[in-house]
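Got your viewer open? Here's a short walk through the structure, one selection at a time.

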Amino acid sequence: MKTVFRFITLVFVLMSLAGCAASAQVPAASDDTLYIVTTIFPPYDFARQITENADHVTVAQLLRPGTESHTFDPTPADILAVQNCDLFIYTGGESDAWVQTLLDAAPGAEEKSIRMTALVDTVAEDHIEGATHRHEHDHGHEEDDADHADQIPDSDHVEYDEHVWTDPHNAVRITQALCDAICGLDPDNAALYQTNTDAYLAELQKLDEILHEITEHAAHRTLVFGDRFPMRYLCDAYGLGYRAAFPGCAAESEPSAATMIFLIEKVREEKIPAILTIEMSNQKIAQAMADETGVPILGMHSCHNRTADEAAADKTYLDLMYENAEVLKLALGSYEQ
């Protein structure tokens, strides 16, 4: 009866997704190919680095370049790709809640899946608009969030920030865990995978050193986002404060008037050098803040997904994070005299 129920559930899922927009084209699995499927860009890129020069490995990403991950719906072809793959890697956060329905319906899917948020320590997503009480308190800064206390969500429903890869230390842990899993699936090529992984971990270590250098020379230690805020793990890793219109996976599109006033005053009072946005943003909030303060807008990349142009240029996680490092120099006033 359980098998029949799972089958019926899977058929229902496939039928309900039949009208959804197409996502990335994923190749058909074959007996002689190690087939890895990921939902978003970071694990896709990590898996590519691990399996470099392994011609029998195919790595596919479900999200089409330029697609907003928080509104993604899988197609029937995506569901079949996950069922047919050898390893499925997903985030485990609010943006891919659909995954659990698939895992529950497809026998054996859970056993070949890796949830990235299970590989590292996670933190609860901040929900206080414009002010992040918990983070500021932890780093010894002023606690000026009393006016926003009524915006704290019900403690019975805690949402965890899923953007774990924005901290290079977490990228190291995730990459090694993926390497271990891939080596288990293909032990004959384990030496190649570990060699590739060691080289990539060394590159991640270089990125970490550069980010430490930038943040240690910062004239300012607070980032202000006129947008959603997916950089919590990055800020925590390098001791940075942060203010934002919304948390990382917020569904809201318009901040309250109080939040806008709070952010604008913060920029003015602390002489913040730049107002930040994220990729694929309409920049409406940031532009309104810039008009009031005269402060320039700069973009940081959450690496959740690449734009079409970034995919065409085949930019990597490291490429995007090094671009973030350059933005941090300006946003923090690093190396100012």
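**Stop one: a salt bridge**

Start by selecting Arg48 and Asp314: they form a salt bridge, and their closest N and O atoms are 3.0 Å apart. Arg48 sits in helix α2, while Asp314 is in the loop between α11 (308-312) and α12 (317-331), so this pair ties together parts that are 266 residues apart in sequence. Side chains of opposite charge can pair like this when their charged atoms come close. If you'd like to hunt for others, a search of the whole structure finds 9 salt bridges.

**A word on confidence**

Keep in mind that you're looking at a predicted model. Try colouring by pLDDT: the chain's mean is 83, and 78% of its residues reach 70 or more. Now select residues 11-24, where the pLDDT is below 50; beyond near neighbours in sequence, this stretch has 26 contacts in the model. Residues 131-155 also have pLDDT below 50, with 42 contacts beyond near neighbours in sequence. Where pLDDT is low, the predicted coordinates should not be read in detail.

**Stop two: α2 against α6**

Go back to helix α2, residues 41-50, and add helix α6, residues 168-185. At what angle do α2 and α6 pack? It's about 55 degrees, with the axes 10 Å apart. That angle makes α2 oblique to α6, and the crossing is right-handed. To see the contact itself, show the side chains of Pro43, Phe46 and Ile50 on α2, then Ala171, Ile174, Thr175, Leu178, Cys179 and Ile182 on α6. By class, that's 8 nonpolar residues, 1 polar and no charged ones.

**Stop three: α6 against α7**

Keep α6 on screen and bring in helix α7, residues 190-216. The axes of these two come within 9 Å and cross at roughly 175 degrees, so α6 and α7 are roughly antiparallel to each other. On the α6 side, residues to pick out include Val172, Gln176, Asp180 and Cys183. Across from them, α7 contributes residues including Tyr193, Thr197, Leu204, Asp208 and His212. The residues of this contact divide into 13 nonpolar, 6 polar and 2 charged.

**Stop four: α9 against α10**

For the last stop, select helix α9 (residues 257-269) together with helix α10 (residues 284-293). Their axes come within 10 Å and cross at roughly 50 degrees, which makes α9 oblique to α10. Is this crossing left-handed or right-handed? The crossing of α9 and α10 is right-handed. Turn on side chains for Met260, Leu263, Ile264, Val267 and Arg268 in α9, and you'll find them meeting Ile285, Ala288, Met289, Glu292 and Thr293 in α10. Sorted by class, the contact of α9 with α10 has 7 nonpolar, 1 polar and 2 charged residues.

Conventions:
Residues are numbered from 1 along each chain as its sequence is written. This is a predicted model: local features need pLDDT of at least 70, side-chain atom pairs count only at pLDDT 80 or more; totals for chains, interfaces and linings use all residues. Side-chain values use heavy atoms; hydrogens and water are left out. Axes are lines fitted to C-alpha atoms, for helices over the stretch in contact, and angles run from 0 to 180 degrees between N-to-C directions. Helices (H or I, at least four residues) and strands (E, at least two) are DSSP runs, numbered from the N terminus. Angles under 35 degrees count as roughly parallel, over 145 as roughly antiparallel, 65 to 115 as roughly perpendicular and the rest as oblique. A crossing is left-handed if the near helix is turned anticlockwise from the far one by less than a right angle, and right-handed if clockwise. Contact means heavy atoms within 4.5 Å. Ala, Val, Leu, Ile, Met, Phe, Trp, Tyr, Cys and Pro count as nonpolar, Asp, Glu, Lys and Arg as charged, and the others, Gly among them, as polar. pLDDT is the predictor's confidence in each residue, from 0 to 100. A salt bridge is a side-chain nitrogen of Lys or Arg within 4 Å of a carboxyl oxygen of Asp or Glu.
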